[in-house]
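Here is a short briefing for a first look at this structure. Keep the view open while you read.

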Amino acid sequence: MQPRKQTPRLVRARVREHKALRGDYRFLALEFQAIGSLAQPGQFVHLRAPQLAARVLRRPFSIYSAKGNRLGILYKTVGQGTRALAEVAVGERVDVMGPLGRGFPTDRTGIVPVLVAGGYGVAPLSFLAGRLRVRGVVFVGGASARDVVLCVEDFRKLGWEVRTATEDGSRGIKGLITAPLDAWARKNRSQPLEFFACGPDGLLEAVGRLAAKGRWKAWLSLDKHMGCGLGACLACVQKVRDASGKETWARVCRDGPVFEAAEIVW
Ligand SMILES: Cc1cc2nc3c(=O)[nH]c(=O)nc-3n(C[C@H](O)[C@H](O)[C@H](O)COP(=O)(O)OP(=O)(O)OC[C@H]3O[C@@H](n4cnc5c(N)ncnc54)[C@H](O)[C@@H]3O)c2cc1C
Ligand code: FES
């Protein structure tokens, strides 16, 4: 587990850019002091838009980019919180808490990294792709072409090989991304693979199983509904196994969102 911990900041960050992207996603860039050096891939920010103030809970978003004083997120409008965020204008201020949680390890060497993304899972993995010391392969899956267009060029520019699969066959291999991933891992079974995944639970569980079968390590970023984001409310608990093998509960916001696959009890 990534040991890095730091004191999160609570700031009113100014919106510097906000635009629609392909595939129903939006990109939001916030000015956030010294974030570039603080944020780790896999960490998240907990946001409250002014339009969302009446609804108490913040919403968590993975950090997609962090450079200098700018922090970027990619989000999909799915409910009232993200709809409110979509209304925020450039120049307005957004209430941000972060960076929060434990991210992916970025100091791994002697491995062939395999990134596996479903949906907005591409956001933290794109950030990670630029921070890892070695390059490898990225597998991106989604329901249709609209879900797998995001970040593909980012990965390629950074020197990663990209493979895609869509359930309707509109881009890449038809079906779930786990099928080409399994086939590729079988062909490369003698390699020191290490998996880094972010997406829905089914995908994470499959990546964890694959890693266990090949005795590889896998790092999974869990997606849980959150309340406080700081470890106080227990809204985000996940059953885990500690170092002695005993089952216990972890708080995804504070102990994660990234866990080693062997720790998770599904
Ligand atoms: C660590 C973390 C990182 C995240 N990063 C991103 C990101 O980079 N980009 C992005 O678009 N979204 C991300 N999310 C999910 C994002 O927080 C939810 O989409 C958002 O909370 C939905 O808020 P809403 O008010 O629009 O929807 P709501 O009105 O609260 O819910 C709309 C629908 O979405 C479902 N939902 C809400 N939250 C989640 C969730 N966490 N997981 C699965 N389903 C959910 C609800 O059950 C409901 O069906 C992340 C979540 C976590 C926990
Ligand atoms: S969101 Fe409150 S403990 Fe995790």
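Strand E3 (residues 44-48) and strand E4 run antiparallel, joined by four bridges. Across that pairing, Leu-47 stands opposite Arg-59 of E4. The model is predicted, and the points below move from this strand pair to the ligand, the domains and the whole chain.

**Strand E4**
- Is E4 covered on one face or on both? Both faces are covered.
- One side carries Arg-59 and Phe-61, and these residues are buried.
- The other side carries Pro-60 and Ser-62, which are buried as well.
- Arg-59 thus appears twice here: it is buried in E4, and it stands opposite Leu-47.

**Around ligand 1**
- How many residues surround ligand 1? The count is 21.
- The closest are Tyr-75, Gly-79, Gly-81, Thr-82 and Tyr-120.
- Three elements give two or more residues each to this shell: strand E4 (59-62), strand E6 and helix H2 (80-86).
- By class, the shell holds 11 nonpolar residues, six polar ones and four charged ones.

**Two domains**
- The chain is divided into domain 1, residues 9-100, and domain 2, residues 112-221.
- Their centres, taken over C-alpha atoms, are separated by 25 Å.
- Where the domains meet, 15 residues of domain 1 are in contact with 12 residues of domain 2.
- Which element gives the largest share of the domain 1 side? Strand E6 (residues 70-76) does, with four residues.
- That side of domain 1 has eight nonpolar, four polar and three charged residues.
- Strand E6 therefore has two roles in this briefing: E6 gives residues to the ligand 1 shell, and E6 also belongs to the side of domain 1 that touches domain 2.

**The whole chain**
- Eight helices and 16 strands make up the list of elements in the chain.
- Why does the chain agree with a compact globule? With 266 residues, such a globule would have a radius of gyration near 18 Å, and the chain has 18 Å, so the two agree.
- Along its principal axes, the C-alpha trace spans about 50 × 45 × 30 Å.
- Of the 266 residues, 45% are buried.
- Take the contacts between residues at least 6 apart in sequence: 64% of them join residues at least 24 apart.

Notes: Residues are numbered from 1 along each chain as its sequence is written. Chains are lettered from A and ligands numbered from 1 in the order in which they are written. This is a predicted model: local features need pLDDT of at least 70, side-chain atom pairs count only at pLDDT 80 or more; totals for chains, interfaces and linings use all residues. The radius of gyration is taken over C-alpha atoms; the globule rule is 2.2 Å times the number of residues to the power 0.38. A residue is buried if 20 or more other C-beta atoms lie within 10 Å of its own, exposed if 12 or fewer, and partly exposed in between; C-beta atoms are placed from the backbone. Two residues are in contact if their C-beta atoms, placed from the backbone, lie within 7 Å. Domain bounds come from an automatic or database domain assignment. Ala, Val, Leu, Ile, Met, Phe, Trp, Tyr, Cys and Pro count as nonpolar, Asp, Glu, Lys and Arg as charged, and the others, Gly among them, as polar. A residue is near a molecule or strand if its C-beta atom, placed from the backbone, lies within 6 Å of it. Two strands pair if DSSP finds at least two bridges between them.
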